[in-house]
Amino acid sequence: MSNQAKKDQTQELIKETAKNLFFVKGKFDATTQEIADAAGVNRTLINYYFRSRDNLIQIIFDEAQKVEQDKSKVIQNSDLPFKEKMAQFIEHSLSTSLQYPYLETYIVSQINKGNCHKRDIEEDELKKLYKDIKKEMKLGNIETMEPIQFVLNMVSLLVFPSAVRPLLMENLMISDEKFDKIIAARKEIILNMLFKN
């Protein structure tokens, strides 16, 4: 294996380990040393490849978000009927919540710190979405309301349980395994709440 390939492999290992600690296990305060120990590498390598812990975290967060945006764009640009598009978007969001249970919690914690992240959606995409929602309301498939309210309903139903996962698990006395089952079962529940038919 060439030196470059070995370097790439080590960088990837560090990123995957950090992603696992942060977004899968919810260990947001993991130190550089803890990340290095979990990856089985020397701590100096993290600083060598990523300059700092914060920089590494920003990189893995941006990568996780990019995967999200790419998948969302595929759904937005498809020619499927509106409800089918929303069903795919919901399914994709829920599967991401299962893959990275603490990603939403992390996003909320960053927003609370004032580290607000860049916009996910372009203005023309948003206008098209609102137009599609209005059309579905005219057809009687969705309750009549401001399109923004439909979007807020969908986002709340999708994101809130995952964003406050630790709180819900403790207060409702739910294990990790049970919580994952509950999240996995939400697709039909959300669709039934959003659509009349």
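Helices are taken here as DSSP runs of at least four residues in state H or I, numbered from the N terminus. In the predicted model examined here, T105 falls within helix α6. Because the relative accessible area of T105 is 14%, and burial is assigned under 20%, this residue counts as buried. When neighbours within four places in sequence are set aside, T105 makes contact with F28, S162, A163 and P166, and of these partners S162 and A163 are listed among the buried residues of α8.

Helix α8 comprises the 17 residues 147-163, for which a rise of 1.5 Å a residue predicts a span of 24 Å; the C-alpha atoms at its ends lie 23 Å apart, so the two values agree. A bend of about 35° is nevertheless found in α8 at S156. The buried residues of this helix are P147, F150, V151, M154, L157, L158, P161, S162 and A163, and they pack against α5 (82-99), α6 (103-112), α7 (123-138), α9 (165-171), α10 (176-184) and α11 (186-194).

In soluble globular proteins, nonpolar side chains tend to be buried together. The largest nonpolar core of the model contains 23 residues, within which F82, I90, I133, F150, L194 and F195 have the most contacts; at least two residues of this core come from each of α5, α7, α8, α10 and α11. Another core, lying apart from it, has 22 residues, including A36, Y49, L56 and Y100. For F150 of α8, the contacts beyond four places in sequence are with F82, M86, I133, M137, I142, M145, L194 and F195.

Conventions. Residues are numbered from 1 along each chain as its sequence is written. This is a predicted model: local features need pLDDT of at least 70, side-chain atom pairs count only at pLDDT 80 or more; totals for chains, interfaces and linings use all residues. Side-chain values use heavy atoms; hydrogens and water are left out. The expected span of a helix is 1.5 Å times one less than its number of residues. The bend at a residue is the angle between axes fitted to the seven residues ending there and the seven starting there. Buried means under 20% relative accessible area, exposed over 50%, partly exposed in between (1.4 Å probe, protein chains only). Contact means heavy atoms within 4.5 Å. A nonpolar core is a set of buried Ala, Val, Leu, Ile, Met, Phe, Trp, Tyr and Cys residues joined through side-chain atoms within 4.5 Å.
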